[in-house]
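Colleague: I should like to learn how to read the packing of a helix and the pairing of strands. May we work through one case together?

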Amino acid sequence: MSTSQMLKGILEGCLLQVISNGETYGYEMIEKLESYGFTMVSEGSIYPLLLRMKKENLVATSLKASPSGPKRKYYTLTPEGYKELENFKVRWNDLSSSVTKLFNENKGE
């Protein structure tokens, strides 16, 4: 399994976390994720996900003027988005704890 395949399952939660830190636009999200080591994330992977998140009412959007070029679409979390982020954190902590426990128990084998 490639890193990008593994990332698909957690990218929504990561985007929710980025957006929870304040209003942001798509390319800025990619830059923020890259600063945390997510170098494999591209526009082609986040925009379809952001569209789905909007349809599910997890994010709200607004168009604002850009200092260079056309208006930008900014994303903010909705109350449902904050709830989903908290649910993701619980699921992620459970899963990552289980994987870490499994790998640590089997170090000597």
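Colleague: What covers the buried residues of helix 3?

Modeller: In this predicted model, the cover includes helix 2 (11-20), strand 1 (24-25), helix 4 (43-55) and strand 3 (72-77). The buried residues themselves are Gly26, Met29, Ile30 and Leu33, within a helix that spans residues 26-35. Viewed down the axis of helix 3, they fall within an arc of 100°, so they line one face of the helix. After helix 3 comes glycine 37, with a positive phi near 100°.

Colleague: Which residues of the largest nonpolar core touch the most other members?

Modeller: Leu11, Leu15, Met29, Ile46, Leu50 and Met53 do, in a core of 20 residues. Helix 2, helix 3, helix 4 and strand 3 each give two or more residues to this core, and helix 2 supplies the largest share, six residues. Take isoleucine 46 as an example: leaving aside residues up to four places away in sequence, isoleucine 46 touches Leu11, Leu15, Gly26, Met29, Ile30 and Val41.

Colleague: How should the sheet be read: is the pairing parallel or antiparallel?

Modeller: In general, strands of a sheet pair through backbone hydrogen bonds, in either a parallel or an antiparallel sense. Here the three strands form an open sheet in the order 1-3-2, and the pairing is antiparallel. Strand 1 and strand 2 (59-64) are the edge strands, each pairing on one side only.

Colleague: How many bridges join strand 2 and strand 3?

Modeller: Six bridges link these two strands in the antiparallel sense. As a specific pair, alanine 60 has threonine 76 of strand 3 as its bridge partner.

Key
Residues numbered from 1 in each chain as written. Predicted model: local features only at pLDDT ≥ 70, side-chain atom pairs only at ≥ 80, totals over all residues. Heavy atoms only, no water. Buried < 20%, exposed > 50% of the residue type's maximum accessible area, 1.4 Å probe, protein only. Helix = DSSP H or I, 4+ residues; strand = E, 2+ residues; numbered from the N terminus. Arc of directions from axis to C-beta. Contact = heavy atoms within 4.5 Å. Pairing = 2+ DSSP bridges. Core = buried A, V, L, I, M, F, W, Y, C linked by side-chain atoms within 4.5 Å.
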